[in-house]
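Here's a structure to poke at together. Let's ask how we know what we say about it, and check each label against its cut-off.

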Amino acid sequence: MNSELFVIPFNFGLYFILIYSVVRSTIWFRNLSRADKLRLQRGFFGKPFMQSIKEIFMESLLHRKMFKRNAVLGYMHMSLAFGWFLLIVFGTIEADTFSARHFNPPSHSIFFRAYNPDHGASGLESVFSFWMDFLLAFILSGLLLAMLKRFIPGMMGMRKTTKHTWTDRLALLSLWLIFPSRLLAESFTCGAYGSGSFLTGNLGSALASVLPAGDIAPYFWWLYSLALGTFFFLLPVSRYFHIPVEMLLIFMRNSGITTGDKPSSYTEVQAHACSSCGVCISTCQMSYAAGINDMQSAYFVKGFRNEKDIAAITANCLMCGRCEEVCPVGIELGPMRMIERRQGRRDVRPLTFSEGYALTRKRNFKERVPTQSYSYLADEEPVKADVLFFAGCMTHLTPSIIVAMKKIMDSAGVRYHFMDEKGGVCCGRPLMLAGREKEARELINHNSDIIWKSGAEILVTSCPICYKVFNESYYLETRVMHHSEFINLLIEEGSLRLGYLHRKVVYHDPCELGRGSGIYQEPRTVISYVADLQKSPQEENMALCCGGSLGNLTLSSAKRALIAADAARILTSSSPDELITACPLCKKTLGQATEIKVTDIAELVAAALPRPIPLAKTRTKKILTKTENNG
Amino acid sequence: MDKHVVVIGGGVAGIEAAGTLAEMGLRVSVIEKEEEAGGHITGWHALFPDRRPAKEVTEYLRHRIRHNNITLITKATVERINHHGHSFSVNVSDGTSLNADAVIVATGFDLFDARRKEEYGYGIYDDVITSADLEIMFASNKVLTSAGKVPSRIGFVHCVGSRDEKVNNNHCSKVCCVTAVKQAIEVREILPDCEVFCFYMDMRMFGPLYEELYRESQEKYNVNYIRGKVSEASSTINGRVSVRVEDTLAGRPLKMEIDLLVLMVGMEMSKTGERLAEASGLSTGVNRFLKSADHHYGSNESGKKGIFYAGTCTAPMNITDTISHARAAVTETINYLNSR
Amino acid sequence: MKIDGKIAIWKEYQKEIADDHFFYVRSCVRQNFFPGSETAFLNIMRDVLKKDVYEHPCHTTCTGIGYHSDIVPIETTMTVVARQFALMTEAGYENLLPSCITSFGLYTEIMDTWHHFPEVEERIRVNLRKATGREFKIPKNLAHASDVIYKFRKEIAASAKFKLINKNTGEPLKVVDHIGCHYAKMFPSKGIGGAEYPYVLAGMVEEWGGKVIDYPERRHCCGFGFRQYLVQANRGFSIACSREKFESMMPYKPDMIITNCPGCPMFLDRWQYVINEMEGKRYGPNNEGIPVFTYEEVAGLILGSDPWELGLQMHQTDCEPVLDKMGIDYDPEEKYNLKKEIKRATSSSFVKV
Amino acid sequence: MSATAADKFGFAINRTRLINYDTTDRKVRGYISEREPSFRLCFACGGCTASCTAGQHTTFNLRRMNTYIRRGEIAPLREEVTRCMLCGKCLLVCPRGVNTRNVVAVASEAIRKFERNEL
């Protein structure tokens with residue numbers, strides 16, 4: 001090959017992206033908080049290092065999570081990522097073994113066929129060229145699937161494909177050009193020299209018989225190099241920056257760094273690690289049930305990264321956490337969105353193309369100006385009790401739950417105080433979900449004061465939303481339990497005698513109880529103790545959101561109904577006698593969306609209480625060693 | 001069955017009764033005081049709740065009356081119904097007297113004369129009109145003030161002449177609320193940037209799809225509703241109408257200048273009907289409408305054998321109920337004639 | 001404004017007014033608010049209209065002001081009113097002619113109450129007999145003084161020397177007519193033109209050449225309401241009412257206000273001064289304030305009597321602008337020449353027309 | 001009412017409670033209707049106020065607040081709007097499906113801006 005000019009675009013792109021990635025990573029590292037820096041250093045040199053390497057191999061290359069989601073989708077990603085990786089590795093080995101010097105420049109291995117057009121005659125050489133052709137075929141098969149996915153997303157278990165920005169489309173195009181142009185370049189060269197293995201050889205000779213292969217080959221080498229060059233050049237401003245950044249993210253995550261409550265270097269890394277793959281869009285009920293396709297996490301993270309005005313789409317999310325469960329890159333989407341919700345309105349100007357390359361972002365975090373104030377809350381007269389029962393605002397609209405809980409606790413002889421019987425004060429979580437952190441703190445302090453002064457050992461609540469905030473944001477010595485856990489405890493300690501209800505029931509995991517707080521098993525054990533619990537299609541960490549979530553501030557009641565109807569239909573597909581849930585809000589929302597009776601777990605248990613309710617016997621078990629005469 | 005029935009009143013109820021009777025082979029004479037049969041609906045442009053053109057219903061009625069068993073006498077009123085044994089004689093204002101085997105009274109209602117609510121200034125201030133006047137404007141698809149200006153703000157006053165002891169009408173006329181919502185929507189369609197206000201005491205959306213229309217008026221057409229009874233209207237120096245009302249939900253008095261004030265006039269027992277009832281010894285209820293023999297299962301019966309009631313002479317009704325009531329009256333008449 | 005609409009309504013409210021032999025009962029406050037009014041009325045009735053108007057020396061207040069201020073119980077008021085009727089019967093008169101609107105409203109109310117509850121009338125007869133030993137007959141006709149002037153407005157116009165017309169522009173004076181609330185608001189059928197569009201003063205103004213203004217707050221109370229101005233704590237309401245009316249009539253630039261009640265001229269006139277003191281705001285054309293007249297003063301003016309003899313100097317808001325517009329000549333120096341006043345007050349015929 | 005009037009006369013002109021629809025400023029209403037279109041659907045039944053958590057501890061009346069906003073009466077709302085806990089009970093109760101929670105969220109912001117006439 002006489003002129004070697006075609007190597008220039010490739011070299012320019014490669015060296016640009018290598019230097020850029022290294023420089024940017026060091027800047028990200030430097031901007032980490034001191035604690036996170038120490039964590040990362042320990043992460044590099046401690047046990048997490050091997051774990052990260054394994055995860056990089058399993059995730060970045062093999063895309064194991066994608067496979068778990070859908071085999072074809074997994075194969076497509078794996079072929080492109082792992083295939084290209086192997087192509088580079090073996091290309092370098094091939095170039096290394098068969099050329100004069102070791103450690104040749106990278107272009108030498110990438111364009112090996114261009115430099116040694118007649119390579120592949122002897123035994124080892126033909127093995128190598130066969131292996132290289134095989135890898136190229138492997139990648140091209142993945143590429144074919146990628147193109148098909150654009151038009152038939154269903155075939156890979158995807159409902160929708162992501163709407164990309166123009167930079168992403170350009171990068172996508174250049175990525176799609178790389179391998180076909182390599183194939184043609186090698187084939188023409190092989191055609192001209194009669195070399196090449198099963199793929200490039202046969203294709204080459206076929207082409208040569210028709211076209212002057214030798215003259216055309218250089219053009220394709222130029223195309224190959226240009227495609228590579230543009231792809232590398234566009235990397236920092238495109239979704240494919242995910243390739244290098246995900247590795248850094250894996251190291252950071254494994255060394256224990258988490259998203260704080262303000263934009264930080266870690267959120268930057270996460271923002272750049274998102275590949276806009278669209279898995280979150282297909283999982284989001286707002287998309288397939290309510291037909292809203294502009295607020296999913298892919299668009300949120302893209303908007304966050306390019307500093308677009310994402311206030312509207314930030315608020316329009318149910319915060320149900322399903323996308324976070326399926327995100328192959330493992331970005332903490334919930335906390336990221338909460339950061340944006342805590343921001344006050346500020347005028348935001350999207351980054352221009354060139355600004356996309358800037359190495360640092362001056363993220364001005366403008367705190368939201370508190371608008372609410374609760375100085376009117378009078379200090380309440382504390383009431384001493386072993387067990388505090390906090391029904392929660394919503395539960396006052398589902399009195400059947402309160403009645404059931406009272407029956408259960410009376411039957412178990414629990415000495416409890418119904419803390420918010422006269423309406424009480426909101427637990428503060430809805431305020432936090434709306435980004436009003438400071439204002440929520442006022443309510444939290446008010447309630448904490450009451451709980452502290454009551455000296456209770458256990459705080460039982462019927463609302464998962466309250467349960468999550470009591471657990472995460474209140475500083476309580478009291479043991480916080482959702483009433484499903486509490487009932488489970490009462491059953492285990494034998495304080496509760498329950499009959500068996502011959503009812504076929506299905507359990508719906510409320511988002512804040514399941515994904516939000518990790519309580520999956522207790523409700524199920526309680527239910528199967530009293531009724532015939534059936535499986536439902538989407539359960540536990542992938543449970544459906546009922547659509548009534550307070551996480552979404554702006555969703556209209558009509559759209560909520562669509563989501564609720566869809567969720568109810570799936571949940572009751574095995575037509576159970578009853579749909580059981582453990583949240584007043586889910587009960588109300590699902591109740592309006594299905595003919596099947598929707599009851600709370602407490603109601604089910606109350607129904608299983610033997611008739612009549614016996615006088616409470618002494619509670620013998622160690623936790624509540626109180627000798628009582630009456631309830 | 002070659003019986004002869006006289007139907008007094010050629011409105012919606014009268015025509016429907018006559019048409020049904022004629023189809024069943026009876027000879028019918030309809031006595032209508034206006035030049036043309038059809039009743040109040042002829043002045044209407046679009047009907048609630050689906051805002052279908054009123055022409056369609058008037059067409060149906062015009063077709064109905066053209067049956068050859070029916071003789072229509074227009075520009076004539078009936079003074080008395082005389083009862084001799086099993087038959088009746090009816091003296092008509094043009095001097096003739098008709099014998100009949102049965103009589104259906106379908107004298108209908110009168111629109112409340114808005115002049116009697118002086119404080120609203122109907123007939124005194126140029127831009128105070130009634131819902132009927134507005135409906136005529138709709139026919140020309142142009143809503144303008146008397147000075148020919150495009151109004152930027154229009155107010156609808158509910159319960160004018162209904163539920164009002166001061167004009168001796170304690171009854172609710174049922175159909176004005178939904179008419180106001182319909183007209184408010186039509187105004188907003190013709191004049192998209194004209195603010196529309198409805199001053200109401202209660203929104204009585206009693207029929208099917210009425211509440212949906214009310215919701216649509218808020219959701220899509222941004223009609224404003226202010227709960228309060230307008231106390232007085234007066235004219236301002238710039239020729240607008242100034243309206244005083246209490247916004248009872250805010251608990252504050254409120255004043256507003258409006259370009260066009262539309263009075264939702266209610267239904268009253270028709271004067272001619274009242275005179276006929278008195279002369280013929282038919283009893284009227286406390287709201288001066290004809291008193292049916294039984295509210296639940298005898299609303300067509302007058303208490304006198306052979307005389308039946310149809311339509312709004314017994315109570316305010318929308319067109320659907322009027323037509324059904326008229327058909328019920330025919331059934332009662334046929335049963336009576338057969339049993340005789 | 002469709003004028004025929006108003007005329008149609010005015011036709012509905014025709015009121016039967018006696019045409020002679022009136023038993024005149026004075027107002028208890030009008031003499032010190034607008035001293036010339038009642039005297040002017042008597043002179044017009046006797047000298048111009050040649051009517052027999054008898055004024056019984058012992059007749060008293062009708063105690064309406066006490067009754068409406070929750071001081072005098074209705075039974076007492078009824079007994080006092082019965083005594084007035086007794087004086088009238090003894091004097092041989094049947095047409096009661098109160099000068100004050102509140103009295104007119106009170107007499108109408110009492111006669112209507114007795115009409116519906118004869119037993120009350122009986123009880124009052126017993127009271128009167130016990131208190132004074134007098135008997136009484138219910139007056140055959142009750143008309144307010146402004147009704148009578150309205151009835152004979154044409155006769156007055158005939159002998160009028162001036163018109164309510166602006167001499168230098170030839171335009172009719174723009175006049176705001178304000179009717180006392182107790183005139184027709186309680187018994188609409190008892191007021192000429194009814195409660196919404198009363199015609200009693202409008203009739204006079206139109207007859208005498210002026211033009212009546214219909215402004216939005218036409219029906220609003222002038223603020224005189226007894227418990228409003230009597231109790232200092234409520235006085236703020238009283239002045240707020242007047243201001244509401246002034247703000248509403250301002251755009252029409254009225255030349256004068258004509259009233260027929262003791263309180264309205266008093267407060268519409270005095271409150272203009274107080275509003276100016278409090279808020280520095282003056283109303284009326286070129287901010288000289290809007291002169292307020294009683295119908296007797298207006299009748300006196302067009303009949304050519306001397307403004308100072310009519311007592312116009314007692315007005316808070318100077319009436320000179322209207323006098324100039326009507327072309328009435330007056331002697332500014334004489335305005336407060338009290339010596340002359342005292343001399344004339346002691347002379348026999350108090351007001352010469 | 002100026003202080004001098006009171007001491008000079010012993011009383012002052014009472015301020016009218018009349019809402020003059022032609023002079024009230026309804027920018028806040030526009031701001032809210034734009035961001036929360038369901039605000040228009042409210043027909044003031046009072047269900048939200050009845051179920052209100054904050055309403056049991058203080059004077060917070062969402063129905064009256066909606067009516068005042070429609071009439072441009074913003075001053076009385078300055079404190080009241082800050083008392084809502086955004087708990088969302090009213091959302092479950094509203095017969096017309098008004099997104100009451102978002103109405104309050106947007107209203108508290110709008111009223112603050114209106115008071116600093118940044119609207």
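Q: Which residues of α23(A) are buried?
A: In this predicted model, the buried ones are P464(A), I465(A), C466(A), Y467(A), K468(A), V469(A) and F470(A). To earn that label, a residue needs under 20% relative accessible area.

Q: Why is helix α23 of chain A described as largely enclosed by the rest of the structure?
A: Just count along residues 464–472: seven of the nine are buried, so the helix is largely enclosed by the rest of the structure.

Q: What makes E232(B) and R219(C) a salt bridge?
A: The cut-off is 4 Å between a side-chain nitrogen of Lys or Arg and a carboxyl oxygen of Asp or Glu. Here the N to O distance is 3.7 Å, so the pair passes the 4 Å test.

Q: How many salt bridges are there between chain C and chain B?
A: Two, and the E232(B) and R219(C) pair is a salt bridge between these chains.

Q: How do you know which residues take part where chain C meets chain B, and how many are there?
A: Contact needs heavy atoms within 4.5 Å. By that test, chain C brings 18 residues and chain B brings 16. Putting the two together buries about 1,500 Å², with 46% of it on carbon and sulfur atoms.

Q: What does the meeting of chain D and chain A look like in numbers?
A: You get 28 residues from chain D and 32 from chain A. The two chains bury about 2,400 Å² between them, 58% of it on carbon and sulfur atoms. On the chain D side, M85(D), L92(D) and R101(D) lose the most area to chain A, together 26% of what that side buries.

Q: How many salt bridges count between chain D and chain A?
A: Zero. A salt bridge needs its nitrogen and oxygen within 4 Å, and the count of such pairs for these two chains is zero.

Q: What share of chain A is buried?
A: Of its 631 residues, 58% are buried. Each of those falls under the 20% relative accessible area cut-off.

Q: What is chain A built from, and what box do its C-alpha atoms fill?
A: Chain A has 28 helices and eight strands. Along the principal axes, its C-alpha atoms fill a box of roughly 100 × 50 × 45 Å.

Q: How far apart are the mean positions of the positive and negative charges in chain A?
A: They sit 2 Å apart, taken over 69 positive and 55 negative charges.

Key. Residues numbered from 1 in each chain as written. Chains lettered and ligands numbered in written order. Predicted model: local features only at pLDDT ≥ 70, side-chain atom pairs only at ≥ 80, totals over all residues. Heavy atoms only, no water. Helix = DSSP H or I, 4+ residues; strand = E, 2+ residues; numbered from the N terminus. Buried < 20%, exposed > 50% of the residue type's maximum accessible area, 1.4 Å probe, protein only. Lys, Arg positive; Asp, Glu negative; His and termini not counted. Charge placed at Lys NZ, Arg CZ, Asp CG, Glu CD. Buried area = accessible area lost by both parts, 1.4 Å probe.
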